Amino acid sequence: FSQSCDKDRSHLPVEVDHERDPRMMIGRSESVHVGVGFVPNGWRAGRVGVGPDARENRVCYGVDRSRRQLRFLDSRSVLAGAFVEVKKGSVRMDAASDASDSSSSGEDDLENSGAALASQVLAPREKRMVKDNFCEDTRGASYTFGSDVLERDLSCGAREDPRRPEILFLHAATGLGVNRTFWRPMFRALLNAPELREFTCHTFDWINTGDAQPKPDSVSRPFVPKDFAKQLNAYIEKVYAQNGRRVILVVQGSAEPIVLTYVRMYKQKRLAGIAFVNGLSPEYLSEAPSVVKKALQFRLLNSGVGDLFWQRCNSRSFIENFLMKNSLITRQALEEYTSLALSGAVDRRVRFNVFSFISGHFFADYRLEMASLRAPTAFICGDAVPSPSFQERLKSVRPPLALIGKEGKMRENREPRILFHKKYLPESAKILIVHGEGPEMVFEAPGAVLPVLDAFIRTIKW
């Protein structure tokens, strides 16, 4: 097949509940099990006939009526358009309203049909850069910052809906050299994937990163989540002022405290949904370090000691070993991520964001904010963790020396993080596990994240 005919998507975690999912109807007769489904973005399922052993050897497919593509995946998973059970046996498909039903038998005929329907290429999407975004921090200082906007695919077949929200991808504001280029792999995937084509997607540079200006040469106090929450609010209000649309936030890693601070500071009426991806460890979301400890740590980092620390961290060998120890499951994305971090850290003024995070100024008890979320919410997490050798772990030991014991150990497993979010997010929140993917899966494996994210967003009513 081509890429759009993916038969093996069994790594996706979300199981279909045929009895409760309103997007699918199941009918039965003495010898035939029939399913018909529909989703708003133009996917329409065909009609399928199977034998009496209806629960064996099943796969799912969906047919895109505008591009006549066929998608395959394991029926235990959810993907836009894939809401029909198919048997390895007699299959009858209705690919378009003006096409007559054709019968085929056996898996080979099903694959041949898929290859023919998948031959058409997805229509291109326009990506543009915006440089005139504006915000203020909590001290009243003004900033300009850039953003990337991936316009919706006007040929995707979805009807125009003025209420359809736009998607805002948020990365960590405090990662070493990280800026909005972090989302390049995701935006590449969005350009070619059938998921989320009817949604306009955004990402922007946080203050003091990327092309945000001005960047201070020195600071007397750390950046705090409130600074970035004010920036987030300014961007959300700009989107709403331009077209009256709310936003869905896709929140990666340590951007979680920023979003939870935004929830505390501003009304949630502009939020159509929130998807936290991996998030932070429970210890950083449930307890704040003492004010004295945070102040002393930041003062230490904001000195010659911090300059030496930055020189140590801002090297290819340190970044590569740090990523393999903490973030990446394979080495496939290592070069791109390392180059991104080195390029973003060339301007040493961005170090103040990193120092603000390390000194504990982003850590607090956010459990009340988590429970107060009113917008539809999901927590998406990979269940794999990096497994470097002991020697590799020691190569990226970070000061102070008290951390050496921690750095020499394996990284945490995902279960405590998953259980914490399940406990404190609203009861209606969806907990979605992407099997086999790790902490930076939005960068390392965006193709595995998009179907899960797409399935969640399809559940949101706007």
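## A buried glutamine and the sheet around it

Let's start with one residue: Gln252 is buried, since its relative accessible area is 5%, and anything under 20% counts as buried. Keep in mind that what you are looking at is a predicted model. Gln252 belongs to strand 13.

What does Gln252 touch, once residues up to four places away in sequence are left out? Its contacts include Leu170, His171, Ala172, Phe182 and Trp183, and also Val277, Asn278, Pro439, Glu440 and Val442. Take Val442 as an example: it is 190 residues away from Gln252 in sequence, but the two C-alpha atoms are 7.9 Å apart in space.

That fits a wider pattern in the chain. Among contacts with a separation of 6 or more, 75% are between residues 24 or more positions apart. Of the chain's 462 residues, 56% count as buried. As for secondary structure, the chain has 16 helices and 16 strands.

**Strand 13 and its partners**

Now zoom out from Gln252 to its strand. Six of the six residues of strand 13 are buried, so the rest of the structure largely encloses this strand. Which residues lie on each side of strand 13? Val247, Leu249 and Val251 are on one side, Ile248, Val250 and Gln252 are on the other, and all of them are buried, so both faces are covered.

Strand 13 pairs with strand 11 in the parallel sense, over five bridges. Here Phe169 has Val250 of strand 13 as its bridge partner. Strand 13 also runs parallel to strand 14, and six bridges join these two. On that side, Val251 has its bridge partner, Phe276, in strand 14.

**The whole sheet**

These strands are part of an open sheet of eight strands with mixed pairing, in the order 9-10-12-11-13-14-15-16. Which strands stand at the edges? They are strand 9 (127-136) and strand 16 (430-434); each has a single partner strand, so one side of each has no neighbour in the sheet. On average, neighbouring strands of this sheet are turned by 25 degrees against each other, ignoring direction.

At one end of the order, strand 9 pairs with strand 10 (residues 142-150) in the antiparallel sense, over eight bridges. Arg128 stands opposite Val149 of strand 10.

Helices pack on this sheet too. Helix 3 (residues 225-243) touches strand 9, strand 10, strand 11 (166-170), strand 12 (201-204), strand 13 (247-252) and strand 14 (271-277), and its direction makes about 125 degrees with that of strand 9. Helix 4 (residues 256-265) packs on the sheet as well, touching strand 11, strand 13 and strand 14; the angle between its direction and that of strand 14 is about 150 degrees.

Elsewhere, helix 9 (residues 334-344) has a set of buried residues: Leu334, Tyr337, Thr338, Leu340, Ala341, Leu342 and Gly344. Helix 8 (316-326) and helix 15 (441-444) are among the elements that cover them.

**Aromatic rings**

The chain has 22 aromatic pairs. A pair of rings is described by the distance of the centres and the angle of the planes. Here are two of the pairs:

| Pair | Centre to centre | Angle between planes | Kind |
|---|---|---|---|
| Phe357 and Phe362 | 5.9 Å | 55 degrees | tilted |
| Phe420 and Tyr424 | 4.9 Å | 50 degrees | tilted |

Why is the Phe420 and Tyr424 pair called tilted? Its planes are at 50 degrees, and under 30 would be stacked while over 60 would be edge-to-face. Phe420 and Tyr424 are four residues apart in helix 14 (residues 415-424), so about one helical turn separates them. Phe420 is buried at 9% relative accessible area, whereas Tyr424 is partly exposed at 22%.

In the other pair, Phe357 is buried at 18% relative accessibility, and Phe362 is buried at 0%. Phe357 and Phe362 also belong to one aromatic cluster, together with Phe145, Phe204, Trp206, Phe223, Phe228, Tyr235, Tyr284 and Phe363.

Some rings have a charged neighbour over their face. Arg270 lies over Tyr240, 3.7 Å from the ring centre, and Arg164 lies over Phe199, 6.0 Å from the ring centre.

**Cysteines**

How many disulfides are there? The count is zero. Two cysteines worth finding in the model are Cys313, buried at 4% relative accessibility, and Cys381, buried at 0%.

Conventions. Residues are numbered from 1 along each chain as its sequence is written. This is a predicted model: local features need pLDDT of at least 70, side-chain atom pairs count only at pLDDT 80 or more; totals for chains, interfaces and linings use all residues. Side-chain values use heavy atoms; hydrogens and water are left out. A disulfide is a pair of cysteine sulfur atoms within 2.5 Å. Buried means under 20% relative accessible area, exposed over 50%, partly exposed in between (1.4 Å probe, protein chains only). Two strands pair if DSSP finds at least two bridges between them. Axes are lines fitted to C-alpha atoms, for helices over the stretch in contact, and angles run from 0 to 180 degrees between N-to-C directions. Contact means heavy atoms within 4.5 Å. Rings of Phe, Tyr and Trp (its six-membered ring) pair if their centres lie within 6.5 Å; planes under 30 degrees apart count as stacked, over 60 as edge-to-face and the rest as tilted. A charge sits over a ring if NZ of Lys or CZ of Arg is within 6 Å of the ring centre and within 35 degrees of the ring normal.
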